[in-house]
Amino acid sequence: MKRKCLSRREALFLLTAAALSGALAVLALRDAAPLAPPDGPGAAHTPGTLLSAARVDLNTAGLEALCTLPGIGPAKARAILEDRAANGRYLRVEDVTRVSGITHNTIKDWGPIAYVS
């Protein structure tokens, strides 16, 4: 089998393609996001921040905040607000079961999201 030599034009094309591929790889790696969040003082990520922001205090939450709880729509949220106004603050999360339609299973779905102050 005879070995064919590359023409000058083919060699130039392959060399240019390799150079452009290398340049694109360098640019992609330079602008890539880090694989891990920064550590140390001033780090942008604080553990628990998202959960802390999503937590709902049953004693101070308004209608919109209460509606973020699983199983709570506008009608039940209004019922919680009315119960809180009529009977005072909740001492435990479980106390919200005095509102019609809210059961212990509903509260289990809330997990650590709901709390009382």
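Modeller: Helices here are DSSP runs of H or I with at least four residues, and strands are E runs of at least two. The model is predicted.

Biologist: In what order do the elements of the protein chain run from the N terminus?

Modeller: The protein chain has five helices and two strands. Read from the N terminus, the order is α-α-β-α-α-α-β.

Biologist: What share of the residues in the protein chain is buried?

Modeller: Buried means under 20% relative accessible area. The protein chain has 117 residues. The buried share is 19%.

Biologist: Is Gly88 buried, partly exposed or exposed?

Modeller: Gly88 sits in the loop between α4 (74-87) and α5 (104-110). Its relative accessible area is 27%. Buried would need under 20%, and exposed over 50%. Gly88 is therefore partly exposed.

Biologist: Which residues does Gly88 touch, not counting those up to four places away in sequence?

Modeller: A contact needs heavy atoms within 4.5 Å. Asn59 is 29 residues from Gly88 along the chain, with 8.6 Å between the C-alpha atoms. Leaving out residues up to four places away in sequence, Gly88 touches Asp83 and Arg98.

Biologist: Which elements give two or more residues to the largest nonpolar core?

Modeller: In soluble globular proteins, nonpolar side chains tend to be buried together. The largest nonpolar core here has 16 residues, and Ile80 and Trp110 are among those with the most contacts inside it. The elements giving two or more residues to this core are α4 and α5.

Biologist: Which residues does Trp110 touch, not counting those up to four places away in sequence?

Modeller: Trp110 is one of the core residues with the most contacts inside the core. Beyond four places in sequence, Trp110 touches Leu58, Leu69, Pro70, Ile72, Val93, Val96 and Ile102.

Key. Residues are numbered from 1 along each chain as its sequence is written. This is a predicted model: local features need pLDDT of at least 70, side-chain atom pairs count only at pLDDT 80 or more; totals for chains, interfaces and linings use all residues. Side-chain values use heavy atoms; hydrogens and water are left out. Buried means under 20% relative accessible area, exposed over 50%, partly exposed in between (1.4 Å probe, protein chains only). A nonpolar core is a set of buried Ala, Val, Leu, Ile, Met, Phe, Trp, Tyr and Cys residues joined through side-chain atoms within 4.5 Å.
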